Amino acid sequence: MSLEISRAFVDAIAEQSRAEYPDECCGVILGPVGSGKAVRHKPMLNAAHSPTFYEFDPKDLLALYREVDDNDEEIVVIYHSHTETEAYPSRTDIAYAGEPGAHYVLVSTRKEIAPAIEFRSYRIIDGVVTEEAVSITD
Amino acid sequence: MSIEVRIPTILRPYTQDQKSVEAEGSTLSAVISDLDAKYTGLGERLLENGALRRFINVYINDEDVRFLGGLEAPIKDGDSITVLPAVAGG
């Protein structure tokens, strides 16, 4: 199991995480239904505006699902940043992982590794976290 | 009266994989009771201590029920309810 993602998206997510620091950033990458391909990047507002929590605004969330439906897309990646901790799902991340088909991407912008970032991907299904390889394409 | 309830992927194991089901009730609370009667265990995923779970979003015709009276939100014939788990974490 692995996530294939373009360099452009990785860079855009890294850029977004730096820009929104010290708050966590978040967003999704969408793709055609059933394809599993990360094709369209859509940053989302972190309605919690917090360095330790993120949440899509409920109105944005509904609009996203309507858009995805209208476009015959699916949510392929759900990502967010950890500002001071490692790029591994927290207990909260695991508890709220409600999209079993998605790749959950964590990005860490913690000072110890800056300016580098950590970019890792996981499946979170029924409370079980499985890390997967990330294959970055040009 | 029968209304449509759209079920998110993560709750479809409770509805025999259906992504849309029908339910009855004149308030959201009544609709949830009806859903739970038809689909065992679904109520517990939506409610905790008699209130809507914090990280489950429910919409009536695209309006967040938090602004419509929560569990007491009135439901009319032809209304459509959508359930979406929050996308959140820490």
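Guide: Let's start with the word "buried": a residue is buried if 20 or more other C-beta atoms, placed from the backbone, lie within 10 Å of its own, exposed if 12 or fewer, and partly exposed in between. This is a predicted model, where local features need pLDDT of at least 70, side-chain atom pairs count only at pLDDT 80 or more, and totals for chains, interfaces and linings use all residues. Residues are numbered from 1 along each chain as its sequence is written, while chains are lettered from A and ligands numbered from 1 in the order in which they are written.

Visitor: Okay, how many of the seven residues of strand β2 of chain A are buried?
Guide: Helices (H or I, at least four residues) and strands (E, at least two) are DSSP runs, numbered from the N terminus. By that scheme, β2(A) covers residues 26-32 and is mostly covered. Its buried residues number five.

Visitor: Which residue of β5(A) is the bridge partner of Ile29(A)?
Guide: Strands pair if DSSP finds at least two bridges between them. β2(A) and β5(A) have seven, in the antiparallel sense. There, Ile29(A) bridges to Val77(A).

Visitor: And on β3(A), what is the bridge partner of Val28(A)?
Guide: β2(A) also runs antiparallel to β3(A), residues 40-44, with five bridges joining them. In β3(A), the partner of Val28(A) is Lys42(A).

Visitor: Which strand of chain A gives the most to the largest nonpolar core?
Guide: Such a core is a set of buried Ala, Val, Leu, Ile, Met, Phe, Trp, Tyr and Cys residues joined through C-beta atoms within 7 Å. The largest one holds 55 residues, and those touching the most other members include Val28(A), Val77(A), Val5(B) and Ile81(B). The top contributor, with five residues, is the strand spanning 73-82 of chain A, β5(A).

Visitor: Leaving aside its neighbours within four places in sequence, which residues is Val77(A) in contact with?
Guide: Contact here means C-beta atoms, placed from the backbone, within 7 Å. We've already met two of the partners of Val77(A), Val28(A) and Ile29(A). The full list is Val28(A), Ile29(A), Ala38(A), Ala102(A), His103(A) and Val105(A).

Visitor: What is the radius of gyration of chain A?
Guide: Chain A has three helices and eight strands, running β-α-β-β-β-α-β-α-β-β-β from the N terminus. The globule rule is 2.2 Å times the number of residues to the power 0.38, with the radius taken over C-alpha atoms. For 138 residues the rule gives 14 Å, and chain A is close to it, so chain A is as compact as a globular protein of that length; its value is 14 Å.

Visitor: What is the radius of gyration of chain B?
Guide: Chain B has two helices and eight strands, and its C-alpha trace spans about 40 × 30 × 25 Å along the principal axes. With 90 residues, a compact globule would come out near 12 Å, and chain B agrees, at 12 Å.

Visitor: Which are the edge strands of the five-stranded sheet in chain B?
Guide: That open sheet has mixed pairing and the order β2-β1-β7-β5-β6. Within it, β1(B), residues 2-6, runs parallel to β7(B) over three bridges. The strands that pair on one side only are β2(B), residues 20-24, and, at 63-64, β6(B).

Visitor: Helix α2 of chain A packs on that sheet; what angle does its direction make with that of β7(B)?
Guide: Axes are lines fitted to C-alpha atoms, for helices over the stretch in contact, and angles run from 0 to 180 degrees between N-to-C directions. Helix α2(A), residues 58-70, touches β5, β6 and β7 of chain B. With β7(B), its angle is about 105 degrees.

Visitor: Which element supplies the largest share of the side of chain B that touches chain A?
Guide: Overall, 16 residues of chain B are in contact with 20 residues of chain A. β5 (56-60), β7 (80-85) and β8 (88-89) of chain B each supply at least two residues of that side. The largest share, three residues, comes from β7(B).

Visitor: How many nonpolar residues are on that side of chain B?
Guide: Ala, Val, Leu, Ile, Met, Phe, Trp, Tyr, Cys and Pro count as nonpolar, Asp, Glu, Lys and Arg as charged, and the others, Gly among them, as polar. That side has five polar and two charged residues, and the nonpolar ones number nine.

Visitor: Last one: which residue of β8(B) is the bridge partner of Glu55(A)?
Guide: Strand β4(A), residues 54-55, pairs with β8(B) in the antiparallel sense over two bridges. Glu55(A) is matched there with Ala88(B).
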